[in-house]
Amino acid sequence: MSYVEAAGAPLRKTGHIKLHGPEGFAGMRRAGQLAAQALDLIHEMVGPGVTTDAIDNVVFEFAMDHGALPATLMYRGYRKSVCTSINHVVCHGIPNDKPLREGDIVNVDITLILDGWYGDSSRMFAVGEIPRRAERLLDVTYESMMRGIAAIRPGGHVGDIGAAIQDFVEPFHMSVVRDFCGHGVGQLFHDEPNIVHVGRRGEGPELLPGMIFTVEPMINLGRPHVKVLSDGWTAVTRDRSLSAQFEHTVGVTETGCEIFTLSPKGYHKPVFSSGN
Ligand code: MF3
Ligand code: CO
Ligand code: CO
């Protein structure tokens, strides 16, 4: 894999990994914070009886009010501003008019384009009280993402991220989804490189300052296998086990990495009163 300065590169996939400068990081900071703010709004509205269409509308209006565009709207035929993935839906669930129910877990995935930069982030939300096994899944999934991010340093490799996630998750007898991965991002939605959420340390492309990509592990309580429903989007676990995902957009720095999509309000993950 070879690298190219993003500032001089064409605005499309080129087969190279783009390295961004300070302007890119500034643009991504703003887009990432806007996506994080939108997720904070959703945090405050999710509950039993709320429809995923209502969530979709709030994000659309929020984007309009802030001069941004939801990246998924009209993307490859997708017609909503967010993805909402409930219970055994792994990712790319399509918002609809069905109310959320007490005990559901739901991922809301938001990508906002601000001044041409794409901020991509998702979080899990608990609808009222959820079963203990769902609480554990959410905690393990969040922690796996943060361990993957903590493994990022210049001179390291993309495989370090997957290894950190896989080594943390599998001892809980949970599984890491293979069919979807993180991705380079910047002035494109999905760019080089793929960030696979399993792997071996030292393998894959080297991590260099200026790389910008997502870390977005999908973790299942059962087996890792998924299938896509006939709507062409909704990915579900084949064994119908619960699935969870968190996603941050990050940039590699000289010393480690910067997370662009941290919650301004500290709503990083659901907190459970029962404790774990
Ligand atoms: N935001 C998703 C990601 O993390 C992509 C959604 S594409 C859609 O890459 F078309 F399904 F919305
Ligand atoms: Co993404
Ligand atoms: Co996303």
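**Cobalt ion (ligand 3).** I looked first at the geometry here in this predicted model, and found that the six donor atoms around the cobalt ion (ligand 3) subtend angles of 58 to 166 degrees, which makes the arrangement irregular. For the label I used these cut-offs: four donors are tetrahedral if all angles lie between 85 and 135 degrees, while four count as square planar and six as octahedral if opposite donors are over 155 degrees apart and all others between 65 and 115, and anything else is irregular. I took as donors the N, O and S atoms within 2.8 Å of the metal (3.2 Å for Na, K and Ca), and I note that water is not among the atoms, so sites may look incomplete.

The protein donors I listed are D109 (OD), entered twice, D120 (OD) and E247 (OE), lying 2.1 to 2.4 Å from the ion. Along the chain their spacing reads D-x10-D-x126-E. I then placed two of them: D120 is in strand 7 (residues 117–126), and E247, 127 residues apart from it, sits in the loop between strand 15 (243–245) and strand 16 (248–252), so that the pair links distant parts of the chain. Helices (H or I, at least four residues) and strands (E, at least two) are DSSP runs numbered from the N terminus.

I checked accessibility next, taking buried as under 20% relative accessible area, exposed as over 50% and partly exposed as in between (1.4 Å probe, protein chains only). D120 is buried with a relative accessible area of 2%, and E247 is buried at 1%.

**Cobalt ion (ligand 2).** I found this ion coordinated by D120 (OD), H183 (NE2), E216 (OE) and E247 (OE), at 2.0 to 2.2 Å, with D120 bridging it and the cobalt ion (ligand 3), the two ions lying 3.3 Å apart. The angles among its six donor atoms run from 51 to 159 degrees, and I recorded this site as irregular. The donor spacing along the chain is D-x62-H-x32-E-x30-E.

**A134.** I located A134 in helix 3 (residues 132–150), where it counts as buried at 1% relative accessibility. Leaving aside neighbours within four places in sequence, A134 is in contact (heavy atoms within 4.5 Å) with I105 and L242. I also noted 8.8 Å between the C-alpha atoms of A134 and S243, which are 109 residues apart along the chain.

**Conventions.** Residues are numbered from 1 along each chain as its sequence is written, with chains lettered from A and ligands numbered from 1 in the order in which they are written. Local features need pLDDT of at least 70, side-chain atom pairs count only at pLDDT 80 or more, and totals for chains, interfaces and linings use all residues, while side-chain values use heavy atoms, with hydrogens and water left out.
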